Amino acid sequence: MIPLRDVIPSRTTPWVTMGLIAANVALFIRQLTFPGGFDESIFEYGLVPAQATWASLLTSMFAHAGWVHIGSNMLCLWIFGDNVEDRMGHVRFLVFYLVAGAAAGLLQMQMQAGGDALIPLVGASGAIAGVMGAYLFLYPHSRIHVLIFFVFFIDVIEVPALIFLGLWFLMQVLGGVGQVAGQGGVAFWAHVGGFLTGAAAGLFFRRTAQDWTPID
């Protein structure tokens, strides 16, 4: 299932979400023109667990491994980010996004051991998983329009956000368990860490800021 859009319009202009998308695209263009080549750019901007720095923890959130990688991530950030930013406010959302991304990277570092510790981590998916986790608690009754396809059957259906995001999170946990067993190269634990961080933030904002209206 590929998410296309949600059903909740944003009340304010999502300046931070748009800025984050622009920053991701800008760094990806830099990767495409990197003097040492695209593969070298992943080591330059990625988070290598065995050689981690705070700077690489930040830059890894904006670097990507290819067109599909950045395209799918930016689509999800646009779908879920505007509403979460709308609820949190611009500054709070930016801080939350960076914290969720950092938590995602740190958890993946802890789970990545041995020779895998030399494999760089790149992508905004950990931070975006945080946005998705927050969305689940801030808009539990929302619905997501998703594209489904099976052989020659293609359709767009509406799925409750609770089901879509719940299934997505379950898949990340199962993928992470498989990764511990030595399978797969996707940063599943980064997704889990980001999602749980976002869920905690979403629950907090839902309980304490239900009537707060951010100013655009």
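In this predicted model, the buried residues of helix α1 are V16, T17, L20, I21, N24, L27, F28 and Q31. They cover an arc of only 140° around the axis, which places them on the same side of α1. An α-helix has 3.6 residues a turn, so residues three or four places apart point the same way. The buried residues of α1 pack against four other helices, namely α2 (38–45), α3 (54–59), α4 (67–88) and α5 (90–111). As to the length of α1, which runs over residues 15–32, its 18 residues should span 26 Å at 1.5 Å a residue, and the end C-alpha atoms are indeed 26 Å apart, in agreement with that expectation.

One residue of this helix may be followed further. L27 is located in helix α1, and its relative accessible area is 16%, so that L27 counts as buried, the cut-off for this class being under 20%. When its neighbours within four places in sequence are left aside, L27 is in contact with Y45, T59, F62 and A63. For one of these residues, T59, a C-alpha distance is also available: the C-alpha atoms of L27 and T59 are separated by 8.8 Å, although the two residues are 32 apart along the chain.

The loop between β1 and α1 contains T13, a partly exposed residue with a relative accessible area of 28%. The C-alpha atoms of T13 and E85 are separated by 9.0 Å, while 72 residues separate the pair along the chain. R11 belongs to this loop as well, and forms a salt bridge with D86, in which the closest N and O atoms are 2.9 Å apart. Because R11 lies in the loop between β1 (2–6) and α1 whereas D86 lies in helix α4, the pair ties together parts that are 75 residues apart in sequence. The two partners differ in their exposure, R11 being exposed with a relative accessible area of 52%, and D86 being buried with a relative accessible area of 3%.

In total, two salt bridges are counted in the model. Side chains of opposite charge can pair when their charged atoms come close. Besides the pair of R11 and D86, a salt bridge is formed by E158 and R143, with the closest N and O atoms 2.6 Å apart. This pair links distant parts of the chain, since E158 is in strand β3 and R143 in strand β2 (residues 143–150), 15 residues apart. E158 is partly exposed, with a relative accessible area of 42%, and R143 is likewise partly exposed, with a relative accessible area of 35%.

Strand β3, which comprises residues 153–160, also contains I157. This residue is partly exposed, with a relative accessible area of 31%, and I157 takes part in a nonpolar surface patch of about 650 Å², to which M1, L162, I163, L167, L170 and L174 also belong. The inclusion of I157 is consistent with the cut-off for patches, because residues with over 30% relative accessible area are considered and I157 has 31%. The largest share of the nonpolar patch is contributed by helix α7 (residues 161–180), from which five of its residues come.

Definitions and conventions. Residues are numbered from 1 along each chain as its sequence is written. This is a predicted model: local features need pLDDT of at least 70, side-chain atom pairs count only at pLDDT 80 or more; totals for chains, interfaces and linings use all residues. Side-chain values use heavy atoms; hydrogens and water are left out. Helices (H or I, at least four residues) and strands (E, at least two) are DSSP runs, numbered from the N terminus. The expected span of a helix is 1.5 Å times one less than its number of residues. Buried means under 20% relative accessible area, exposed over 50%, partly exposed in between (1.4 Å probe, protein chains only). The arc is that of the directions from the helix axis to the C-beta atoms. Contact means heavy atoms within 4.5 Å. Patches are made of residues with over 30% relative accessible area and no salt bridge: like charges are joined within 9 Å, nonpolar side chains (Val, Leu, Ile, Met, Phe, Trp, Tyr) within 5 Å. Accessible areas come from the Shrake-Rupley method with a 1.4 Å probe; for residues, only the protein chains shown count as cover. A salt bridge is a side-chain nitrogen of Lys or Arg within 4 Å of a carboxyl oxygen of Asp or Glu.
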